[in-house]
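This report covers metal coordination and charge pairing. Start with the metal site, then move to the salt bridges.

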Amino acid sequence: KGDIIALALRDFKFANEVFGVKTCDRLLKEVAGFLKGLAPTGRVYRFDGDVFCIAEPHGAENTDRLVNLIVDRFKKPWHFQGIDYSLNCSLGVVPMGKGGTETVDEIVSAIDFAIQESKHRENGVVRGGEIFNEKFRRKNHIRAMLAYALEKDGFEVHYQPIYCLATGRFATCEALVRMRDPEFGLIPPDEFIPMAEENGMIVSIGLVVFEKVCQFMTAHPYTEGGFETIGVNLSVVQCMQESLADDLIAVMEHYKLPPGRFKFEITETVAAASMSTLRSTMERLIDYGCAFALDDFGIGYSGVTNMLNLPFKLIKLDKSLTDRLTGEPRTRIAVEAIISLIHRLSMRVIAEGVEVAEEVEILRELGCDYIQGYYFSRPLPEAAFTALVKKTAWR
Ligand code: C2E
Ligand code: MG
Ligand code: MG
């Protein structure tokens, strides 16, 4: 029993780039040496890359004392070869043997959770028991329910219509998955997709989603309402599977749906992680007749290279860009240039996360093609989406 003190070096990837791998190895050794000085041998572990753990079997007072010593030590720089190196750390204390920290798997995810939480704290420390909150319980619950949801048809797909500025009507839509939980109701994808990616279940979930989308399209051939196409998100883990193209094609064949109705959305993380598999998957699906959109453009690893190197038909501007359009002249200039660049490369632009009329007007002026956002409609369950399409088809 007792506690585990988890220590994560902050921004260590960045330190690796600035100081070089060799110096950083030395820094890790310095930190490890310091930690070994605090606890007897056999109680200090390297958990992964930049995370260390100390097992403290007696808990409480001893743990507090150790945490304080570590916090104090990190206020001073690490010194070797005549140079000072400043490091920041996040500390999370995980009491073992409580509900949620009984098995090894549970303890490992509790350590991850404690470190994530401590990164949001100003002092960088999450002390004993603090992680046993509603958020921790919810996260564990969702992780445990994933397999159940797969087995019991617990996923549903909502559809968000996307407005075309040129024609003044809805033109396409995006399929967005939710997990239905007996206790918490509808769980948004941001809460369970990262977990499903970690344990590989996303591959099966992705196919379930695609099946549901195809069933929906078979039941409602809305071509006359202007909804010829639909966007379907693919996860980075799905895109690493050699069989992805075959799997998706098999589903489209089964439902006898024309491939031209599908646009697969992928993010830049995908492009960064698995370039060669991704390229052949994209080429196969494009040959078959599908199209691809680059999602969340403008954040994270976004650079123009992926946009240039991979055969996208559409680029989706991330909400963080559209949010800044109102009242920020420099963003407007940047977005205008991005849109014209995309057009000159013969692709189309969808702006994501548009919530107010002013943003719509600016995007219209800047030549944006499509708009997706709460301003026009939230993602809707099947029935509500169907009703909306019927209504707008008359216009
Ligand atoms: P995304 O692909 O960028 O999808 C757009 C997200 O923005 C959706 O969140 C949508 O509800 C939200 N959104 C749309 N308009 C607005 C707006 O005006 N304001 C705000 N605040 N949000 C808006 P959602 O449905 O929670 O999905 C989050 C992310 O989860 C998606 O981001 C996508 O990356 C992922 N995701 C969703 N469904 C799937 C799926 O079937 N498979 C995979 N692999 N990922 C999925
Ligand atoms: Mg998307
Ligand atoms: Mg997006």
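## Metal site

Buried means under 20% relative accessible area, and partly exposed means between that and 50%. The model is predicted. D295 has a relative accessible area of 5%, so D295 is buried. D296 reaches 24%, which means partly exposed.

Both residues serve the magnesium ion (ligand 3). Its donors are D295 (OD), D296 (OD), E352 (OE) and E352 (OE), at 1.9 to 2.4 Å. Along the chain these donors are spaced D-D-x55-E. D295 also bridges to the magnesium ion (ligand 2). The two ions lie 4.3 Å apart.

## Salt bridges between helices

The whole structure holds 18 salt bridges. One of them pairs K135 with E117, with closest N and O atoms 2.6 Å apart. K135 sits in helix 5 (residues 134-151) and E117 in helix 4 (residues 104-119), 18 residues apart. E117 is buried at 9% relative accessibility. K135 is partly exposed at 46%.

## Salt bridges involving loops

D153 pairs with K212, the closest N and O atoms being 2.7 Å apart. D153 lies in the loop between helix 5 and strand 8 (155-164), K212 in helix 7 (residues 202-219), and 59 residues separate them. D153 is exposed at 54%, whereas K212 is buried at 17%.

E355 pairs with K319 at 3.5 Å between the closest N and O atoms. E355 is in the loop between strand 15 (348-351) and helix 15 (357-365). K319 is in helix 13 (residues 319-322), 36 residues away. E355 is partly exposed at 38%, and K319 is partly exposed at 29%.

## A network

E134, R137 and E183 are joined in a network of salt bridges.

Note on methods: Residues are numbered from 1 along each chain as its sequence is written. Chains are lettered from A and ligands numbered from 1 in the order in which they are written. This is a predicted model: local features need pLDDT of at least 70, side-chain atom pairs count only at pLDDT 80 or more; totals for chains, interfaces and linings use all residues. Side-chain values use heavy atoms; hydrogens and water are left out. Donors are N, O and S atoms within 2.8 Å of the metal (3.2 Å for Na, K and Ca); water is not among the atoms, so sites may look incomplete. Buried means under 20% relative accessible area, exposed over 50%, partly exposed in between (1.4 Å probe, protein chains only). A salt bridge is a side-chain nitrogen of Lys or Arg within 4 Å of a carboxyl oxygen of Asp or Glu. Helices (H or I, at least four residues) and strands (E, at least two) are DSSP runs, numbered from the N terminus.
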